[in-house]
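Colleague: I'd like to go through some of the labels on this one with you. Could you show me the model and tell me what stands behind each call?

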Amino acid sequence: MSEQKKIRSKNKVLQFIEHLVKDPLSSIYLVFVLLIVIGSIVVYNVETKTGSGIETKFDTFWFMCVAGFAGYFEFVCESLAGRTAAITMLIVGTILFSFITGKVASTFIDIQMKNDRGLKKIKKM
């Protein structure tokens, strides 16, 4: 790989990280994904030793995704660490859903306010 290609790829990575830091929505998504990964690791290490029904890494990943996005639990965690991870994902998932809903509503309100004030660009006829 030439020196210029290395510099370009390094710059792309730095730009991506800079974008994540500046954009709050991207930061929230990144934190949510990290919580799913960390929670999956915790639940896998703790719950595979109990009789909770979680046996594979996919089971733990599925459990954390469903807990975060739907608030529904197919498996019941029996350990304190597993239950803490599940409750954390449930709360964070609810907050994330509320944030996304608020963002969509805010966008619609901004569009309507611009229409009411005459600030929206009119297409040429």
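Modeller: Sure, and keep in mind that this is a predicted model. One term up front: helices here are DSSP runs of at least four residues, numbered from the N terminus. With that, α2 (24–47) and α4 (80–117) each supply at least two residues of the nonpolar patch.

Colleague: What makes up that nonpolar surface patch?

Modeller: Ile28, Tyr29, Phe99, Ile100, Val104, Phe108 and Ile111 do, over about 570 Å². The largest share, 5 residues, comes from α4.

Colleague: Why is phenylalanine 108 called exposed?

Modeller: Exposed means over 50% relative accessible area. Phenylalanine 108 has 57%, so it counts as exposed. This residue is found in helix α4.

Colleague: And why is threonine 60 called buried?

Modeller: Buried means under 20%, and threonine 60 has a relative accessible area of 2%, so the label fits. Threonine 60 is found in helix α3 (residues 57–69). Leaving aside neighbours within four places in sequence, threonine 60 is in contact with Ser40, Val43, Tyr44 and Ile54.

Colleague: How do you know that cysteine 65 and cysteine 77 are too far apart for a bond?

Modeller: A disulfide needs the two sulfur atoms within 2.5 Å. The sulfur of cysteine 65 is 14 Å from that of cysteine 77, its closest cysteine sulfur, so there is no bond. The structure holds 0 disulfides. As for accessibility, cysteine 65 counts as buried at 13%, and cysteine 77 is buried at 6%.

Colleague: How many aromatic pairs does a search of the whole structure find?

Modeller: There are 2 aromatic pairs. Phenylalanine 32 and phenylalanine 69 form an edge-to-face one, 5.1 Å centre to centre with 70° between the planes. Ring centres within 6.5 Å make a pair, and planes over 60 degrees apart make it edge-to-face, so both values pass.

Colleague: What does the pair of phenylalanine 32 and phenylalanine 69 tie together?

Modeller: Phenylalanine 32 lies in helix α2 and phenylalanine 69 in helix α3, so the pair ties together parts 37 residues apart in sequence. Phenylalanine 32 counts as buried at 4%, while phenylalanine 69 counts as exposed at 60%.

Colleague: Why is the pair of phenylalanine 58 and tryptophan 62 called stacked?

Modeller: Stacked takes planes under 30 degrees apart. Here the planes are at 25° and the centres 6.2 Å apart, so the pair is stacked. Both residues lie in helix α3, 4 residues apart, about one turn of the helix.

Note on methods: Residues numbered from 1 in each chain as written. Predicted model: local features only at pLDDT ≥ 70, side-chain atom pairs only at ≥ 80, totals over all residues. Heavy atoms only, no water. Patch = residues over 30% accessible without salt bridge, like charges linked within 9 Å, V, L, I, M, F, W, Y side chains within 5 Å. Areas by Shrake-Rupley, 256 points an atom, 1.4 Å probe, with all protein chains shown as cover. Salt bridge = Lys/Arg side-chain N within 4 Å of Asp/Glu carboxyl O. Buried < 20%, exposed > 50% of the residue type's maximum accessible area, 1.4 Å probe, protein only. Contact = heavy atoms within 4.5 Å. Phe/Tyr/Trp six-rings, centres within 6.5 Å; stacked < 30°, edge-to-face > 60°.
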